[in-house]
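Below is a colleague's note on a single-chain model, set out as numbered points. Please read it with the coordinates open.

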Amino acid sequence: MKSFANLAEFTAQAMDDGFDEIVQKEWAPNLAIDKHTHPFDARVQIAAGQVTLDMASGSQTFEAGQGFYIPRGTEHAEKYGPLGATFWVARKL
């Protein structure tokens, strides 16, 4: 996934791609979120920090500058690193 230099660039591309909402999320250090799903597609870029996603296909860790896409209804768990994380999230209902 392409890495964006700032939230404005991320937002512009996401809106061009048909996403409905863009938010910036802050996650606490060492926070663990159990398995869950979302009612929206999510495109995410990590602006700072780290997160590990656990999905049926396996675990993967993402750091600042990296991103991922999770289709709506995909079960996953999240574990944030020792510094927490800041995400830019594009949502499509």
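The points below take up helix ends, strand pairing, buried polar side chains, aromatic pairs and one loop residue of what is a predicted model.

1. Helix α1. This helix covers residues 7–16. Its N-terminal end is capped by Asn 6, which places a side-chain oxygen 3.1 Å from the backbone nitrogen of Ala 8. Beyond the other end, Gly 18 comes just after α1 and has a positive phi of about 95°.

2. Strand β3 and its partners. Strand β3 spans residues 41–55 and pairs with β6, residues 76–92, in the antiparallel sense over 13 bridges. Within that pairing, Gly 49 is opposite Ala 85 of β6. Strand β4 (residues 58–63) is also antiparallel to β3, with 6 bridges between them. A hairpin through 2 residues makes the connection from β3 to β4, and Met 55 has Gly 58 of β4 as its bridge partner. Strand β5, residues 67–70, runs antiparallel to β3 as well and is joined to β3 by 4 bridges. Here Gln 45 is bridged to Gly 67 in β5.

3. Arg 43. Is this residue of strand β3 buried or exposed? Arg 43 is buried, because its relative accessible area of 17% falls under the 20% cut-off. Its side chain has a polar contact of 2.8 Å with the side chain of Asp 17. Leaving aside residues up to four places away in sequence, Arg 43 touches Met 1, Phe 10, Gln 13, Ala 14, Asp 17, Phe 19, Phe 68, Tyr 69, Trp 88, Val 89 and Ala 90. Among these contacts of Arg 43 are Phe 10 and Trp 88, which return in point 5.

4. Asp 41. This residue also belongs to strand β3. At a relative accessible area of 10%, Asp 41 is buried. What does its side chain meet? A polar atom of the Asp 41 side chain lies 2.8 Å from the backbone nitrogen of Arg 72. Beyond residues up to four places away in sequence, the residues touched by Asp 41 are Phe 19, Tyr 69, Ile 70, Pro 71, Arg 72, Ala 90, Arg 91 and Lys 92. Two residues from this set, Phe 19 and Lys 92, are also related to each other: Lys 92 lies over the face of the Phe 19 ring, 4.7 Å from the ring centre.

5. Aromatic pairs. How many aromatic pairs does a search of the whole structure find? The search gives 7. In one of them, Phe 10 and Trp 88 have ring centres 6.0 Å apart and planes at 45°, so the pair is tilted. This pair links distant parts of the chain, with Phe 10 in helix α1 and Trp 88 in strand β6, 78 residues apart. Phe 10 is buried at 0% relative accessibility, and Trp 88 is buried with a relative accessible area of 9%. The rings of Tyr 80 and Phe 87 form a tilted pair too, because their planes meet at 50°, with the centres 5.7 Å apart. Tyr 80 is buried at 2% relative accessibility, and Phe 87 is buried at 5%. Tyr 80 and Phe 87 also belong to one aromatic cluster that includes Trp 27, Phe 62 and Phe 68.

6. Ile 46. Strand β3 holds Ile 46, which is buried at 0% relative accessibility. Its C-alpha atom is 5.9 Å from that of Gly 67, although the two residues are 21 apart along the chain. With residues up to four places away in sequence left out, Ile 46 touches Val 51, Phe 62, Glu 63, Ala 64, Gly 65, Gln 66, Phe 68, Thr 86 and Phe 87. The cluster members Phe 62, Phe 68 and Phe 87 are among the residues that Ile 46 touches.

7. Asn 30. The last point concerns backbone geometry in a loop. Asn 30 sits between β1 (21–27) and β2 (32–36). Its phi is near 60°, a positive value in a residue other than glycine. Asn 30 is partly exposed, because its relative accessible area of 46% lies between the limits of 20% and 50%.

Terms used:
Residues numbered from 1 in each chain as written. Predicted model: local features only at pLDDT ≥ 70, side-chain atom pairs only at ≥ 80, totals over all residues. Heavy atoms only, no water. Polar contact = N/O pair within 3.5 Å; in protein donor to acceptor, adjacent residues only side chain to side chain. Pairing = 2+ DSSP bridges. Buried < 20%, exposed > 50% of the residue type's maximum accessible area, 1.4 Å probe, protein only. Contact = heavy atoms within 4.5 Å. Phe/Tyr/Trp six-rings, centres within 6.5 Å; stacked < 30°, edge-to-face > 60°. Lys NZ or Arg CZ within 6 Å of the ring centre and 35° of its normal.
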